[in-house]
Amino acid sequence: RNNAEKFEFQAEVSRLMDIIVNSLYSNKDIFLRELISNASDALDKIRFLSLTDKEVLGEGDATKLDIQIKLDKEKKILSLRDRGIGMTKEDLIKNLGTIAKSGTSAFVEKVQSSGDLNLIGQFGVGFYSVYLVADYVEVVSKHNDDKQYVWESKADGAFAISEDTWNEPLGRGTEIRLHLRDEAQEYLEESKLKELVKRYSEFINFPIYIWASKEVDVEVPADEDDSGDEEETTDKTSSEEGEDEDAEKGEDEDTEKKPKTKTVKETTYEWEVLNDVKAIWLRSPKDVTEKEYIKFYHSLAKGFGDEKPMAWSHFTAEGDVEFKAVLYVPPKAPHNLYDSYYKSKSNLKLYVRRVFISDEFDELLPKFLSFLKGIVDSDTLPLNVSREMLQAHGSLKTIKKKLIRKALDMIRKIAEEDPDESSGKDEKEVEKSSDNDEKKGQYTKFWNEYGKSIKLGIIEDASNRNRLAKLLRFESTKSDGKLTSLDKYISRMKSGQKEILYITGTSQEQLEKSPFLERLKKKNYEVIFFTDPVDEYLMQYLMDYEGKQFQNVSKEGLKFGKDKTNKELKESFKELTKWWKGVLTTSKVDDVKISNRLDNTPCVVVTSKFGWSANMERIMQAQTL
Ligand code: ADP
Ligand code: MG
């Protein structure tokens with residue numbers, strides 16, 4: 001093409017494409033899910049803009065927000081068209097090739113080790129999955145702010161962009177044409193496409209049409225030569241089904257009246273809609289099956305597979321602020337959950353009266369719950385205002401508050417329904433149902449994936465601190481290698497024990513040997529092990545639980561009740577303590593005391609009540625280095 005401009009793919013993208021082209025990954029179907037998801041995103045964007053500016057939709061067909069699929073068996077092209085926002089020339093260059101997404105290299109690594117391409121959408125590079133089935137791809141796109149352009153590439157390290165002077169004008173939107181590889185011809189079969197669209201796009205909020213063939217019986221005059229047997233192809237542009245029925249009825253009558261006709265098969269084409277656009281969250285939770293919730297989760301998570309979400313919660317909030325929501329705990333934490341914790345975005349999709357607004361609304365959930373996925377649809381929020389105005393809307397605070405409560409309830413239920421968790425509890429409380437097996441160990445799984453989030457929540461959210469502390473799990477001198485909770489700790493406290501005892505350090509193994517535990521173990525006190533660096537910070541915020549104070553056993557203030565010998569000992573060692581104080585001087589220690597916390601070890605260094613524990617010193621040192 002004369003007017004084509006050539007570009008090279010960014011190196012990481014090029015590598016990814018090579019991997020995709022040469023992949024032996026068997027589930028090639030996923031490309032369709034990715035294309036539909038992109039089309040749906042593009043439609044969401046134009047619909048959002050149209051809320052404040054109706055003009056952007058244009059006129060006539062351009063106002064129809066839908067997705068259309070066509071199959072061209074002769075040319076071996078599968079095309080998918082949307083009337084979404086479209087891409088300008090610059091968008092095409094940036095989005096499809098030159099700017100690598102942050103997830104690209106992470107995904108390349110993952111695919112190289114596992115060969116699994118299914119999660120491609122989650123890493124923001126779903127588009128390139130088209131090269132699983134096509135060896136040549138054209139993207140025709142028209143954005144309101146630019147002319148129509150064609151992007152094309154054979155995945156050979158380069159792509160070309162040309163101003164489109166030969167295709168039909170799209171009006172607005174994008175048409176992706178896949179020139180299918182020889183071994184991917186199955187994607188030209190209507191039945192295959194219908195099946196895939198149904199599987200992958202049940203929850204897409206825009207109608208998806210396929211240009212479907214239909215065999216109809218047509219009566220033709222039974223004349224001398226048999227030329228009527230040839231199949232005719234008529235394009236039918238109307239998609240109203242009523243017309244067909246009328247036509248058929250008419251035919252029946254005709255047959256009786258005119259015996260000198262015969263029936264021939266004719267292939268006609270028409271747009272057939274493949275999905276019914278229903279919003280699961282608007283339905284009553286009673287009417288939604290478990291299977292539907294799981295499927296909906298997969299559509300939100302941009303990744304399919306057998307993995308079930310750990311839990312979900314579907315509810316309606318009423319009162320001043322009305323909204324419906326579905327929240328999910330994903331089966332696994334995202335790969336970079338804590339690497340970029342403060343930069344992480346909420347994973348909730350915000351809808352206002354069924355119109356998608358944004359999935360980057362940080363005002364909806366606090367950071368520590370950013371691992372949740374789900375949707376929120378509010379009738380209270382205004383629809384035709386800018387994103388900025390929406391972000392500042394007072395109702396968001398109420399929505400957030402309610403979402404946090406519901407999320408914490410949902411997490412608490414994982415624990416309550418986990419038979420492992422209730423061991424030691426009243427037998428009757430353990431639900432004896434068939435799905436007990438499935439729920440067994442779920443909370444440990446939750447804790448391993450998201451425990452740190454709960455701890456960060458305790459640090460960050462004072463108003464929910466107690467609720468979060470209930471969700472806390474840890475090991476202790478009595479937990480027997482399993483996780484235990486503060487409630488269980490309290491239930492095991494010795495009579496007369498007032499404080500919850502804990503010790504911090506780098507590993508449990510190291511802590512088990514700590515001289516601080518000698519006497520406590522002997523006296524049968526339970527001590528919690530905190531071995532994560534975040535635990536030190538956690539314990540600066542978690543002062544008490546259910547009216548019980550926390551005591552770090554390596555700090556001053558540990559009491560064993562009244563010890564009669566204490567006074568005598570103090571007296572008889574008076575001279576020695578005095579001597580020690582002189583030797584160590586006040587710049588090294590604050591005080592030297594007789595202690596009853598030890599058994600075999602002659603002496604220990606104890607931290608003052610408000611000082612940094614030895615472990616905290618270590619953490620701070622590591623950070624400043
Ligand atoms: P993601 O969808 O996660 O952003 P993709 O690789 O699927 O990643 O798509 C890359 C980008 O290309 C999208 O973010 C979008 O900007 C653009 N894009 C892809 N398909 C379309 C489309 N049908 N209409 C408009 N823009 C699109
Ligand atoms: Mg995508």
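Entry 1, H1 against H4. I looked up which residues join these two helices in this predicted model, and I found that Glu12, Val13, Arg15, Leu16 and Ile19 of H1 meet Thr104, Ser105, Phe107, Val108 and Val111 of H4. Sorting that contact by class, I noted six nonpolar, two polar and two charged residues. I then took the axes of H1 (residues 11–21) and H4 (residues 104–114), which come within 10 Å and cross at roughly 30°. Angles under 35 degrees count as roughly parallel, and I therefore entered H1 and H4 as roughly parallel to each other. For the handedness of the crossing of H1 and H4, I wrote down left-handed.

Entry 2, H9 against H11. Here I found that the axes of H9 (residues 395–417) and H11 (residues 442–460) come within 7 Å and cross at roughly 135°, and H9 and H11 are therefore oblique to each other. I listed Ile411, Ile414 and Ala415 on the H9 side of the contact, with Gln442, Tyr443 and Phe446 on the H11 side. By class, the residues of this contact are five nonpolar and one polar, with no charged residue.

Entry 3, the surroundings of ligand 1. I counted 17 residues around ligand 1, of which the closest are Asn38, Ala42, Asn95, Gly126 and Phe127. Checking which elements give two or more residues to this shell, I obtained helix H2 (30–52) and helix H3 (89–98). H2 gives the most to the shell, namely five residues. I closed the entry with the division of the shell around ligand 1 into seven nonpolar, seven polar and three charged residues.

Methods
Residues are numbered from 1 along each chain as its sequence is written. Chains are lettered from A and ligands numbered from 1 in the order in which they are written. This is a predicted model: local features need pLDDT of at least 70, side-chain atom pairs count only at pLDDT 80 or more; totals for chains, interfaces and linings use all residues. A residue is near a molecule or strand if its C-beta atom, placed from the backbone, lies within 6 Å of it. Helices (H or I, at least four residues) and strands (E, at least two) are DSSP runs, numbered from the N terminus. Ala, Val, Leu, Ile, Met, Phe, Trp, Tyr, Cys and Pro count as nonpolar, Asp, Glu, Lys and Arg as charged, and the others, Gly among them, as polar. Axes are lines fitted to C-alpha atoms, for helices over the stretch in contact, and angles run from 0 to 180 degrees between N-to-C directions. Angles under 35 degrees count as roughly parallel, over 145 as roughly antiparallel, 65 to 115 as roughly perpendicular and the rest as oblique. Two residues are in contact if their C-beta atoms, placed from the backbone, lie within 7 Å. A crossing is left-handed if the near helix is turned anticlockwise from the far one by less than a right angle, and right-handed if clockwise.
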